[in-house]
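Subject: The structure we talked about

Hello,

Here is the structure I promised to pass on to you. Have a look at it first, and then read on for what turned up in it.

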Amino acid sequence: MKTPQDVVHFILDNKTKTPHHPQATAFAPSNIALCKYWGKRNTQLNLPNNTSLSISLGHKGATASITPRPATSHAIIVNDQTMDPNTEPAQRLSAYLDLFRFHQHAAYTLTLTVNIPFAAGLASSACTFAAIIKSIDALFHWQLPPTDLSILARLGSGSAARSILSGFVEWTRGTQADGMDSVACALPEQWPSLCIGLSVVDHQPKKISSRDGMQRTVDTSPLYAAWPQTADTALTQIKTAIQAHDFHALGKAAESNALAMHATMLSAWPPLLYSTPETLTLMQRIWALREAGMPIYFTQDAGPNLKLLFLASAQADVQAAFPTLDILQPFATRSSPHE
Ligand code: DP6
């Protein structure tokens, strides 16, 4: 079993291929990795070289509505705009929908509503592919368990595996060639006072996708060999910090893991630098504020924008230092934000 089609057939073996509803809708949250996924052991199945761990962004994410369409091609609408089928993002979404086409004239109309700014580099593929597979699962009334949904979401984008669940989510590397053991699971811990600040230093779309960037790093970086072990160490530190609600240990391990990933990318060839001068200025500002006693850390994905980590007790000071920051409390909807 090696191709995405094989994985889909295996998981849906005994499941109905006839829609149960005329239409279905599902939401999936965006997620930010505290321990990053960077590099694949299988590029077709998006199987990672290391286990990663994320925090989901509560109500920020994607809502997907799916309707069967008796046609040969899909129609995709994102935030009220019909996508040009010739663009790369439309083709990637179409190829994913094709995995769930069971008859020649059974295409879909996919309507996506994404409530995080595209420009912030946060409207990653993660919440999109997770919302799509959840809506397809609802359309056919398969009621797949989250582990199976995470496997199917991963076929669209690796980080989408983690957007199937909420809160702290761990996506296991797994060792099987078919990836059936590379699944996402939610951690039992909640941390209501944990805040995420989204800072936008650059509105330009990134020039090199995560997909291409991680492959280039795997292929050419002399530092990449150390990455899986570096990530495993960070994973243990982060999980221990979450269990103990030790904010400084969490922040340090997450920031250090992001910087190690970016250092590894920088040593790829051609070099891969997602930071801009504004990113570096912001980093230095955060380090100076921390030096002065403000409990604040950051993480960074494959783009120039930083995601700030702090506790609700520091929110007023952080907001004063960064007035344009978009602040989220991923767990706050379920408990008091000041716990
Ligand atoms: C830096 O999940 O977008 O955000 O599997 O090729 O679709 P593909 O890559 P993707 O990569 C995300 C990389 C990251 C780190 C992370 O989210 O863990």
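How far is an oxygen atom of the ligand from an N or O atom in the side chain of serine 159? The distance is 2.6 Å. Before you go further, please keep in mind that this is a predicted model.

**Around the ligand**

Serine 159 has company at the ligand. The side chain of lysine 40 places an N or O atom 2.7 Å from a ligand oxygen, and arginine 92 has a polar side-chain atom 3.1 Å from an oxygen atom of the ligand. How much of the ligand does the protein bury? On its own the ligand would expose 460 Å², and the protein buries 94% of that.

In total, 18 residues surround the ligand, and those that come nearest are Tyr37, Lys40, Ser157, Gly158 and Ser159. If you sort the shell by character, you get 6 nonpolar, 6 polar and 6 charged residues. Helix α5, which covers residues 210-220, supplies the largest share of this shell, with 3 residues.

**Salt bridges**

Now for the charged pairs. Side chains of opposite charge can pair when their charged atoms come close. The structure holds 6 salt bridges, and a few of them are worth finding on your screen.

Start with aspartate 301, whose side chain meets that of lysine 36 in a salt bridge with an N to O distance of 2.6 Å. These two partners come from distant parts of the chain, 265 residues apart: aspartate 301 sits in the loop between β11 (297-300) and β12 (306-311), while lysine 36 sits in the loop between β1 (24-35) and β2 (40-42). Aspartate 301 also forms a salt bridge with lysine 307, where the closest N and O atoms are 2.9 Å apart. Together, Lys36, Asp301 and Lys307 are linked in a network of salt bridges.

Are the members of this network buried or partly exposed? Lysine 36 is buried, because its relative accessible area is 1%, and lysine 307 is buried too, with 4%. Aspartate 301 has a relative accessible area of 21%, so this residue counts as partly exposed. The cut-off behind this is that buried means under 20%.

Another salt bridge joins arginine 290 and glutamate 255, with the closest N and O atoms 2.7 Å apart. This pair links two helices, since arginine 290 belongs to helix α8 (residues 277-291) and glutamate 255 to helix α7 (residues 247-266), 35 residues apart. Arginine 290 is partly exposed at 25% relative accessibility, whereas glutamate 255 is buried at 4%.

**A buried asparagine**

While you are at the loop between β11 and β12, look for asparagine 305, which has its place there. Asparagine 305 has a relative accessible area of 5%, so it counts as buried. The side chain of asparagine 305 reaches the backbone nitrogen of valine 201 at 2.7 Å.

**Aromatic pairs**

Last come the rings. A pair of aromatic rings is described by the distance of the centres and the angle of the planes. In the whole structure, a search finds 9 aromatic pairs. One of them is formed by tyrosine 37 and tryptophan 171: the ring centres are 4.7 Å apart and the planes stand at 70°, so the pair is edge-to-face. Tyrosine 37 lies in the loop between β1 and β2 and tryptophan 171 in strand β8 (residues 168-171), so this pair ties together parts that are 134 residues apart in sequence. Tyrosine 37 is buried at 10% relative accessibility, and tryptophan 171 is buried at 0%.

A second example is tryptophan 287 with phenylalanine 298, where the centres are 6.0 Å apart and the planes are at 45°, so the pair is tilted. Here tryptophan 287 lies in helix α8 and phenylalanine 298 in strand β11, so parts that are 11 residues apart in sequence are tied together. Tryptophan 287 is partly exposed at 32% relative accessibility, while phenylalanine 298 is buried at 0%. Finally, see if you can spot the aromatic cluster that Tyr96, Phe100 and Phe129 form.

Enjoy exploring, and write back with any questions!

Best wishes

Terms used:
Residues numbered from 1 in each chain as written. Predicted model: local features only at pLDDT ≥ 70, side-chain atom pairs only at ≥ 80, totals over all residues. Heavy atoms only, no water. Salt bridge = Lys/Arg side-chain N within 4 Å of Asp/Glu carboxyl O. Helix = DSSP H or I, 4+ residues; strand = E, 2+ residues; numbered from the N terminus. Buried < 20%, exposed > 50% of the residue type's maximum accessible area, 1.4 Å probe, protein only. Near = heavy atom within 4 Å. Polar contact = N/O pair within 3.5 Å; in protein donor to acceptor, adjacent residues only side chain to side chain. Areas by Shrake-Rupley, 256 points an atom, 1.4 Å probe, with all protein chains shown as cover. Nonpolar A, V, L, I, M, F, W, Y, C, P; charged D, E, K, R; others polar. Phe/Tyr/Trp six-rings, centres within 6.5 Å; stacked < 30°, edge-to-face > 60°.
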